[in-house]
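Here is a friendly look at the salt bridges of this structure and at one of its interfaces. Please keep the model open beside the text as you read.

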Amino acid sequence: MDNLVEIDNITFSRADRVIYDGITINVPKGKITAVMGPSGIGKTTLLRLIGGQLLPDKGDIRFDNNSIVKMSRGQLYETRRRMSMLFQSGALFTDMSVFDNVAFPLREHTKLNEDLIATIVALKLQAVGLRGAASLMPSELSGGMARRAALARAIALDPDLIMFDEPFAGQDPISMGVLVKLIRELNDALNLTSVVVTHDVTEVLTIADYIYILADKRVIGEGTAQQIRESDSELVQQFLKGKADGPVPFHYPAQKLEDAMFGAIS
Amino acid sequence: MNKYRVELMVGVFVLLTIGAVLLLALKVANQTITNQGDTYTLFAKFDNIGGLKTRSAVKVGGVIIGRVASIKLDQEDFTPVVELSILQEYNEFPETSSVSILTSGLLGEQYVGFQPGFAIDGVEDLKDGDYLQDTKSALVLEDLIGQFLFNRGKSE
Amino acid sequence: MNAIHALGVKTISRFAAAGRAALMLFGALFAIPRMKNVYLTVKQIYVVGVQSLLIILVSGLFIGMVMALQGYTILVDYGAEASLGPMVALSLLRELGPVVTALLFAGRAGSALTAEIGLMKATEQLSSLEMMAVDPLRRVVAPRFWAGLISMPMLALLFSAIGILGGHLVGVDWLGVDSGSYWSIMQSTVDFDKDVINGVIKSLVFAIVVTWIAIFKGYDCIPTSEGISKATTETVVFSSLAVLGLDFVLTALMFGIE
């Protein structure tokens, strides 16, 4: 199978903290790949690595067989036009209307005339169901609507790859359902490749073609939804079922309580 | 916020600033007199220039005819040489003219008082680069007081 | 040992910040300008310049009026109230115009710039621009920098001009100084190159410093509400101190030696 993105054995650390220690992830073309894991293990960092905003300490990241790590700034900017990223907050430009937000990448990167841009924007907004909200400002949108508007902006230039950063976090069940449906439909209709980073297990299992689970700086499990469900790894099961304690400990590493409370002063 | 309003207000801002510059240039700094027309240069040697400065006015009977361009010390006889740049339109002063350093009011600034001489036959007009021969130095208050005391001491 | 270590760490991080600030400025200034960015700059001139007009004009008017009032009570004792004009004009053009404008600008526009860019960072708008292959230095930083650079000298000129008119209002219209001598002695004392132009140069230097600090503090802030509020405070404090310190240096260079 053809891979659009290949993360090849990378190690990444921030300050003194190691975040990834030799992980390998492949994102096949035309599929939805999910990356799951507990909060705070740097899932967003992974997307920034793919986008070239951060560089790994070791290892290689390839986009369409070109190494992102070795690219010059110009090449990187050229490559980024083929990918887009949906940020957790939506990251809409607050000083522009929804219409201008979606039109922004078109105005920046193409020389299309305003009529054509208006048509494209209307189509993209129609795809996410927000054509009626074109003239609203981002501050007037609900969280779910803002994310859909950001999605319309992300697909404005018809990219090859979309990266979703926690698309379901903090959404009510209805907007969550809408987003799940949108991600799946857009992926199939536009022949996109999607990377979804999330910790919402149930939603992801329904739409992802292939799933990676990260924990403790490594990939602890991978496979299709079915394979993941049947995994015999304790860690994977703890994550799927949401048990409080298990291989991922409930307690942040600390001195033993007995020692801390009752002396053992050596 | 629409585009037109932004452009309009920035335009108003620019116009206001141009207005301010014009006010400062014409009304406050009076740019017109300092740069008006050509000038020619005269020199005058004084024994003492007192508090005269570059850009001090040169006046004939209160009318400004030029300004002090520079003040230097003559390297040979160690007297101050004042360079006066005089407006070209006042270019018919006879050679016999004299200059003195005067003070406007008791505490005012010092200026060069220009006294046109008599135009008789055989006396030529001052030309660019000429030296004025007849000069009177600035009055220095300490010298005056010293003289006064000295004279009083003699008369008693 | 710990104190020395902490001092060393702090010093190194300061140097690193200075380096980042310089890189940011170069990145913004040497970005290839495009027609689109001219409009962005005009829009920012509206935000930092036009929207600061009111505070600048009102402050300028009152400072001119106060100076005329104060100056008159002192000068009239020496019978030198005719020198009120040059006193007001020179203090405004050489000092108060550039300095007070820069301080007000730091408080009014500088803090807003820091908060805006800081929030853009916190809401991932800057990252989002980068991912859209749009250089945030060119799109966000450069227009704001140029707008600050253009606006502040203009504001300083307006400040001085309206201050001189305010001085005229109090000195001539209320206290009875002769209008002719107010203007004419001002004219014979004030030199366009030496006083007006030097004031503009001062103001230009302050504009670079204040805008640079404001934008960098926003661009480099920790993207949390606490980080942004700290950065905003630092913008006002640092740029005020920088303006006052630089003012002394510039005054010494320009007017120190006659």
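## Salt bridges and an interface

Over all chains, the count comes to 26 salt bridges, a salt bridge being a side-chain nitrogen of Lys or Arg within 4 Å of a carboxyl oxygen of Asp or Glu. This is a predicted model, in which local features need pLDDT of at least 70 and side-chain atom pairs count only at pLDDT 80 or more, while totals for chains, interfaces and linings use all residues. Residues are numbered from 1 along each chain as its sequence is written, chains are lettered from A and ligands numbered from 1 in the order in which they are written, and side-chain values use heavy atoms, with hydrogens and water left out.

Four of these pairs are worth a look:

| Salt bridge | Closest N to O |
|---|---|
| Arg62(A) with Asp60(A) | 3.3 Å |
| Arg184(A) with Asp209(A) | 3.5 Å |
| Arg20(C) with Asp220(C) | 2.7 Å |
| Arg48(A) with Glu124(C) | 3.8 Å |

Let us begin in chain C. Arg20(C) sits in helix 1 (residues 2-29) and Asp220(C) in the loop between helix 8 (192-219) and helix 9 (225-255), so their salt bridge ties together parts that are 200 residues apart in sequence. Helices here are DSSP runs of H or I with at least four residues, strands are E runs of at least two, and both are numbered from the N terminus. Arg20(C) is partly exposed at 39% relative accessible area, and Asp220(C) is partly exposed at 28%; buried means under 20%, exposed over 50%, and partly exposed in between (1.4 Å probe, protein chains only).

In chain A, salt bridges with shared partners link Glu6(A), Asp8(A), Asp60(A), Arg62(A) and Lys70(A) into one network. Within it, Asp60(A) counts as buried, with 14% relative accessibility.

Now to the interface. How many residues does each of chain A and chain C bring to the contact? Chain A gives 26 residues and chain C gives 17, where contact means heavy atoms within 4.5 Å. About 1900 Å² is buried between the two chains, with carbon and sulfur atoms giving 50% of that area; buried area is the accessible area (1.4 Å probe) lost on putting two parts together, summed over both. Between chain A and chain C there are 4 salt bridges, and Arg48(A) with Glu124(C) is one that joins the two chains.
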